[in-house]
Amino acid sequence: MITLNLKDSVSVGGIDLKNHLILAAGVLGTTGASLNRVLESGAGGVVTKSIGPYPKEGHKGPCVQVLDGAVINAMGLPNPSRDFTEEIAPLKGKPVIASIFGANPEEFAEVASWFMDSAAGFELNVSCPHAEGYGAQIGSDPDLVYECTRAVSKTGKPVWVKLTPNVTSIADCGAAAERAGASALVAINTVRAMRISTDLRKPMLGNGSGGLSGDAIFPIAVKCVWDLYEACDIPIVGCGGVSSADNVIEMMMAGARAVEIGSAVLNGVDIFKKISGELYSGDGVSTEGIVGCAHE
């Protein structure tokens, strides 16, 4: 298998990382202690749980189902809002990216202002498929993606925009974010999905439908990264079903400069060290030598 030569640091979209592996938003990102634990377990950076302008309790349960090697969830963006600033304040200076959401550009800008001192940068959640008025309802409209990205990019801090695959053209949304000043694009968030219990004759999730993650969506994520690489010039972070070193290399060949890992953490937080052990070697190729090479 192809391996990478890890330098002292990895810089993606204005954020310095310890390696190419990042904890995805919403997974072990609910407390400062858990974020720090993931960093100490080998992650190159971490993304927090998505934080919004108002506290939210989220959807009624069941909120998560693990089925057939994949995960379906409908959390509904539960979060403590501004109180979360106290959680990540002790992690200032570490590669902690604040995932934020809002219903309009003004709300995105307000939430971003809370984390100016404590976060290395922002990841805009314009892609959650199961939160009415937020997430993908913003991210499916390139004009709204532009306006929300522009509002946060005015802070001067790095802005990553996490895109939804549940659109006709993810490239159009990525191009809109790039024009608005995004530092990087993250692809993808979960894919709309649902399962029904044949015994109970009702949906398995309390919300009815939710978002699919895990191995099942990896090919979708690779295609989205590919399309964004063709259409945009800013860095891309691949996300969706990454669970092995070979997955990382494939994502990078499609155009990603780093990857986020989410559902694979269910098998243990040591997934970062496990993948790193297989991904890096002293005689590995450089990042520049692998990113987007499949397009040549």
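Where is Arg201 found in the chain fold? In this predicted model, Arg201 sits in the loop between strand E12 (196-197) and strand E13 (202-203). Its backbone is worth a pause, for Arg201 has a positive phi of about 60° although it is not a glycine. Most residues other than glycine have a negative phi, and most peptide bonds are trans. With a relative accessibility of 79%, Arg201 counts as exposed, because the cut-off for that class is over 50%.

A positive phi also turns up at Ser81, another residue that is not glycine, where the value is near 60°. Ser81 belongs to the loop between E6 and H2. Is Ser81 buried or exposed? The relative accessible area of Ser81 is 4%, so Ser81 is buried under the 20% limit. The surroundings of Arg201 and Ser81 thus read in opposite ways: Arg201 is exposed, whereas Ser81 is buried.

The loop that holds Ser81 also holds Asn79, which lies between strand E6 (70-73) and helix H2 (85-88). Asn79 is buried too, at a relative accessible area of 6%. The side chain of Asn79 places a polar atom 2.8 Å from the backbone nitrogen of Ser81. Which residues does Asn79 touch, leaving aside those up to four places away in sequence? The partners are Ser50, Ile51, Gly52, Tyr54, Pro55, Lys56 and Phe101. Readers following along in the viewer may like to begin at Asn79 and step from there to Ser81, whose backbone nitrogen faces that 2.8 Å separation.

Two peptide bonds also deserve a look. Gly61 and Pro62 are joined by a cis peptide bond, with omega at about -5°. Pro62 is placed in the loop between strand E4 (45-47) and strand E5 (64-67). A cis peptide bond likewise links Ala187 to Ile188, here with an omega of about 20°. Ile188 falls in the loop between strand E10 (184-187) and strand E11 (191-193).

Turning to the helices, how do H3 and H5 pack? Helix H3 (residues 105-114) meets helix H5 (residues 142-153) at an angle of about 30°, and their axes are 8 Å apart. H3 is therefore roughly parallel to H5, since angles under 35 degrees fall in that class. The crossing of H3 past H5 is right-handed. On the H3 side the contact is made by Pro105, Phe108, Ala109 and Ala112, and on the H5 side by Glu147, Cys148, Ala151 and Val152. By class, the residues of this contact of H3 with H5 comprise seven nonpolar, no polar and one charged.

H5 has a further partner in helix H6 (residues 170-179), and these two helices pack at an angle of about 30° with their axes 8 Å apart. That angle makes H5 roughly parallel to H6. H5 passes H6 in a right-handed crossing. Which residues of H5 and H6 meet? From H5 come Pro142, Val145, Tyr146 and Thr149, and from H6 come Asp172, Cys173, Ala176, Ala177 and Arg179. The contact of H5 with H6 divides into six nonpolar residues, one polar and two charged. H5 thus takes part in both packings, meeting H3 through residues including Glu147 and Ala151, and H6 through residues including Val145 and Thr149.

Key
Residues are numbered from 1 along each chain as its sequence is written. This is a predicted model: local features need pLDDT of at least 70, side-chain atom pairs count only at pLDDT 80 or more; totals for chains, interfaces and linings use all residues. Side-chain values use heavy atoms; hydrogens and water are left out. Helices (H or I, at least four residues) and strands (E, at least two) are DSSP runs, numbered from the N terminus. Buried means under 20% relative accessible area, exposed over 50%, partly exposed in between (1.4 Å probe, protein chains only). A polar contact is a pair of N or O atoms within 3.5 Å; within protein, one must be able to donate a hydrogen and the other to accept it, and residues adjacent in sequence count only if both atoms are side-chain atoms. Contact means heavy atoms within 4.5 Å. Axes are lines fitted to C-alpha atoms, for helices over the stretch in contact, and angles run from 0 to 180 degrees between N-to-C directions. Angles under 35 degrees count as roughly parallel, over 145 as roughly antiparallel, 65 to 115 as roughly perpendicular and the rest as oblique. A crossing is left-handed if the near helix is turned anticlockwise from the far one by less than a right angle, and right-handed if clockwise. Ala, Val, Leu, Ile, Met, Phe, Trp, Tyr, Cys and Pro count as nonpolar, Asp, Glu, Lys and Arg as charged, and the others, Gly among them, as polar.
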